[in-house]
Amino acid sequence: MSTMNNIRNFCIIAHIDHGKSTIADCLLESTHTVSKREAKEQLLDSLDLERERGITIKSHAIQMKYTAHDGIDYTLNLIDTPGHVDFSYEVSRSLAACEGAILVVDAAQGVEAQTISNLYMAIDAGLEIIPAINKIDLPSAMVDVVKKQIIDLIGCKGNDIILVSAKERIGIEEMLEAIVSRIPSPKGDEDAPLQALVFDSIFDSYRGAVAYIRVFNGVLKEKDEIKFFINDKKYLAEEVGTLRLGRIRTGELRAGNVGYLIAGVKYVHDKKVGDTVTHLRNGAEIALPGYKEIKPMVFSGLYPTSSDDYENLREALEKFRLNDSALSYSPETSAALGFGFRCGFLGMLHMEIVQERLEREYDQSIVTTLPNVEY
C-alpha cells in the first residue's frame, strides 16, 4: 500500500466537448493502466449512450500508478466528471472526494460558461487548480488569447498553464508531473475513527449495492462491522478494494484512498450517495460534510405502457436512483394513463438520458408526459 504522501486524488473539469475524455484516455495509456489492446476511445465512458453522443454522463473513478521523474512511485486516483450543465451534481460529488482539479480549456473555443461554473465549484471545495489548454495542434487554436482568458479567470501565471494536445500526445507527461508536484497529498489520520464518503454507487445484480468511497480518516477492512449515518443499520464489509478498469480486491482501504465497498446492502434506499460510512463500534461521531441536495428544474410524468408493469418501473427507478442521485420521483395517477411517477430532472438533456437509460438498461417501456416547470 502506498503511503498517504504518495497518493494524489484529482478530477478533470471542462466544458462539454473540450476533450476531457480524450485527456483521461491519454493519462491511462501513458501510466500503462490500460494496455494498447484494451485501449479504446472514451475509455471511462462505460455507457453506450456516452459513446454514441460523445459526452460523459456518469462520474467514474480509476486508479493509476505513475513513476515520477524523481523516481518515486505515486498512486493517482482520477475521478472523471461530466461537462454538461445538466450533470453538475455529478461534478459536485467528485470534487468532494479530490484535492485537486485539472481545468481543461479548448484552444479553439476558449473559456465557456460551464467551465466557469465547474471552476467555481472546485474553488469553493478548496481544490488546487492546474490549468491546461487542450487541442493546441488545431489550425484554429488561439493559444495566447485563451492563455490570457485563463490568467484573468484564476489569476495564475502564464507558465503555470500546461499546453496539451491529447490527439498528438503532447504535454501529457508535463501534466502527470504537475499532478504529482502541484496537487497536495490527502490529509487524514489512519488512527482516527473511520470516516469514508460515498461519492457514487452502482447496483450489481449479484452483489447488491456497490459503494464507491473515498476514505478520509481511519482504515476500512473486510469483515469490519460498519454502519451508514443515514439509517444506523449494521452491515458487514464483505469486500473492499480499489478501482482499476474493474474492481481489484485489496482487503483494506486506508485514509486518503479511493475504492469500493460491498456490504450486502439489499435495499437500495438504505444507502445514499453523499453519506458517510463508519465503524459500528468506536466509529466517528459526525458525518463528513456531504454535497447539497439537488433541486430539480424540469418535471415530467413517467408511466408504464402496461399498468401491470407499475411495480417493475418502481424497482427500476429505485435502482436507477442509486446511480443517479439527482433524479427525484413520487407516485402520481392520471385519469388517462393510470398509475405512474412524477419525476424531477435537472434539465432537458438529463430527462432524455434518464428515459433512454430506463428503456435500455432496465427494459422498461414507458410513456412520458410533456415536460413542464414548477412555479
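Tyr310, Tyr329, Phe339 and Phe341 form one aromatic cluster, and this cluster is a convenient place to enter the structure, which is a predicted model. A search of the whole structure finds 4 aromatic pairs. In one of them, the ring centres of Tyr310 and Phe339 are 5.8 Å apart and their planes stand at 55°, so the pair is classed as tilted, given that planes under 30 degrees apart would count as stacked and planes over 60 as edge-to-face. Tyr310 belongs to helix α7 (residues 310-323), whereas Phe339 belongs to strand β19 (residues 338-345), so this pair ties together parts that are 29 residues apart in sequence. The two partners are not covered alike: Tyr310, at 16% relative accessibility, counts as buried, while Phe339, at 52%, counts as exposed.

Tyr310 also has a second partner to consider. Its ring centre lies 5.1 Å from that of Phe341, with the planes at 5°, so this pair is stacked. Here too distant parts of the chain are linked, since Tyr310 is in helix α7 and Phe341 is in strand β19, 31 residues apart. Phe341 is buried, with a relative accessible area of 1%.

Aromatic rings also meet charged side chains in this model. The charged end of Arg214 is placed over the ring of Phe216, at 4.2 Å from the ring centre. For Tyr260, the residue over the face of the ring is Arg247, which lies 5.7 Å from the ring centre.

Turning to the overall architecture, the protein contains 8 helices and 20 strands. Of its 375 residues, 54% are buried, and its accessible surface comes to about 16,700 Å², with carbon and sulfur atoms contributing 50% of that area. Among contacts with a separation of 6 or more, 70% are between residues 24 or more positions apart.

Helix α8 can be examined in more detail. This helix covers residues 348-361, has 14 residues, and reaches 20 Å from its first C-alpha to its last, close to the 20 Å expected at 1.5 Å a residue. Its buried residues are Leu349, His350, Met351, Ile353, Val354, Gln355, Arg357 and Leu358, a list in which His350, Gln355 and Arg357 appear together with Leu349, Met351, Ile353, Val354 and Leu358. After α8 comes Asp363, whose phi is positive, near 50°.

Positive phi values are also found at two lysines in loops. Lys135 has a phi near 65°, a positive value in a residue other than glycine, and Lys135 is placed in the loop between β5 (128-134) and α5 (143-154). At 23% relative accessibility, Lys135 counts as partly exposed. Lys223, for its part, has a phi near 75°, again a positive value in a residue other than glycine, and is found in the loop between β9 (219-221) and β10 (225-228). With a relative accessible area of 61%, Lys223 is exposed.

Another loop, between α6 (172-182) and β7 (195-204), holds Pro193, which counts as partly exposed at 41% relative accessibility. Pro193 and Asn282 are 89 residues apart in sequence, yet their C-alpha atoms are 6.7 Å apart in space. Once its neighbours within four places in sequence are left aside, Pro193 is in contact with Asn282, Gly283 and Ala284, as well as with Asn217 and Gly218.

The cysteines complete this account. How many disulfides does the structure hold? The count is 0. For Cys11, which is in no disulfide, the nearest cysteine sulfur is that of Cys98, 4.1 Å away, and the cut-off that applies to such a pair of sulfur atoms is 2.5 Å. Cys11 counts as buried, at 0% relative accessibility, and Cys26 likewise counts as buried, at 1% relative accessibility.

Technical notes:
Residues numbered from 1 in each chain as written. Predicted model: local features only at pLDDT ≥ 70, side-chain atom pairs only at ≥ 80, totals over all residues. Heavy atoms only, no water. Phe/Tyr/Trp six-rings, centres within 6.5 Å; stacked < 30°, edge-to-face > 60°. Helix = DSSP H or I, 4+ residues; strand = E, 2+ residues; numbered from the N terminus. Buried < 20%, exposed > 50% of the residue type's maximum accessible area, 1.4 Å probe, protein only. Lys NZ or Arg CZ within 6 Å of the ring centre and 35° of its normal. Expected span 1.5 Å × (residues − 1). Contact = heavy atoms within 4.5 Å. Areas by Shrake-Rupley, 256 points an atom, 1.4 Å probe, with all protein chains shown as cover.
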